[in-house]
Amino acid sequence: MTTKSFQEHFDKQIENEVSIEPRDWMPDDYRKTLIRQISQHAHSEIVGMLPEGNWITRAPSLRRKCVLLAKVQDEGGHGLYLYSAAETLGISRDEMIEQLHSGKAKYSSIFNYPTITWADMGAIGWLVDGAAIMNQVPLCRTSYGPYARAMVRVCKEESFHQRQGYEIMMTLANGTEVQKKMAQDALNRWWWPSIMMFGPSDADSPHTVQSMKWRIKRFSNDELRQKFIDVTVEQAKLIGLTVPDPDLKWNEATGHYDFGKINWDEFWNVVKGNGPCNKERLQARQKAWNDGAWVRDAAVAHAQKRKFKETPKSKSEAA
């Protein structure tokens, strides 16, 4: 088959909603786009453990400690699923990790903000994981099979994360005046970074159009952002919290909330490595990688030893 016929077959698979699998022919740019997106997603899960792990020992009850510990453990698992999915595209995990540590690969900018109070654990679960769900549920139907299948379990677990975060915020909002103020302060600080999670506006997004043609993405950044705002504003009202946007108002004509201007200068500044915790997050990941080198070496040595033992011996060696 010629390159043209391969391309035609690929295009037909996309058109007919047939999953692209690792051994299928795919355009180089499709492969590169998937590696960029999946590895970035995996990095975000792994880096996302850091701001929450900081609060495991300081959670206000044993129940809260157990729930938060389970959530952080889930996120580590999500990162491993996604690294495995990316590896089916021909990139090694070591290469992806090196790209993260060098700054070549990005992760979600939301994880470069500090977690100052316990209410931040609620805000992250409710807002950050809520935004992640909006992004990730459509990925269960993404055109690349391994990515889509990994996302089914990820989304089920993210739903638990979102509910536990909302429960924390609801409990604080119904508590003392100090607790309610703590919840409102967390919402004030995490609201705008959360709606930036969907990425730049469609007009400024370099990948959205092509990714939607390939059905890697099913909805544009702005579509997902609007859906998140419409749902989350109503959730805030239910627990008596106020979204920190003076321009927010319901638009009867569109059936959506109009919202204020996003500070894209802040977004790009954080993406470029100048956020409050960028350096701290990368240093923590680099230290963990270096400190864990002996574990990886031991695992490789054990695998090689086991393989040697299981290798059938020749007749001369047996004699």
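This passage describes an internal cavity, a buried acidic residue and a short helix in a predicted model.

A search of the whole structure finds 1 cavity of 30 Å³ or more, and the volume of this largest cavity is about 30 Å³. Its lining is formed by Arg64, Val67, Leu68, Trp118, Met121, Gln164 and Ile168, a set that divides by class into 5 nonpolar, 1 polar and 1 charged residues. Two helices, H4 (62-87) and H7 (145-173), each supply at least two residues of this lining, and H4, with 3 residues, gives the most.

Helix H7 also holds Glu158, a residue that is buried yet has no salt bridge. The nearest side chain of opposite charge to Glu158 is that of Lys71, which lies 6.2 Å away, whereas a salt bridge requires a side-chain nitrogen of Lys or Arg within 4 Å of a carboxyl oxygen of Asp or Glu. When neighbours within four places in sequence are left aside, the contacts of Glu158 are with Glu45, His78, Asp129, Ile133 and Gln136, two of these partners being the acidic residues Glu45 and Asp129, which count as negative.

In helix H5, which spans residues 93-102, the buried residues are Met96, Ile97, Gln99, Leu100 and His101. These buried residues of H5 pack against three helices, namely H2 (28-47), H4 and H12 (278-291), and H4 is also the helix that gives the most to the lining of the largest cavity. Just after H5, the backbone at Gly103 takes a positive phi of about 90 degrees.

Terms used. Residues numbered from 1 in each chain as written. Predicted model: local features only at pLDDT ≥ 70, side-chain atom pairs only at ≥ 80, totals over all residues. Heavy atoms only, no water. 1 Å grid on protein atoms, 1.4 Å probe; cavity = no way out; pocket = protein on both sides within 12 Å on 5 of 7 lines; lining within 4 Å. Points joined across faces, edges and corners; volume = space filled by probe spheres on them. Helix = DSSP H or I, 4+ residues; strand = E, 2+ residues; numbered from the N terminus. Nonpolar A, V, L, I, M, F, W, Y, C, P; charged D, E, K, R; others polar. Buried < 20%, exposed > 50% of the residue type's maximum accessible area, 1.4 Å probe, protein only. Contact = heavy atoms within 4.5 Å.
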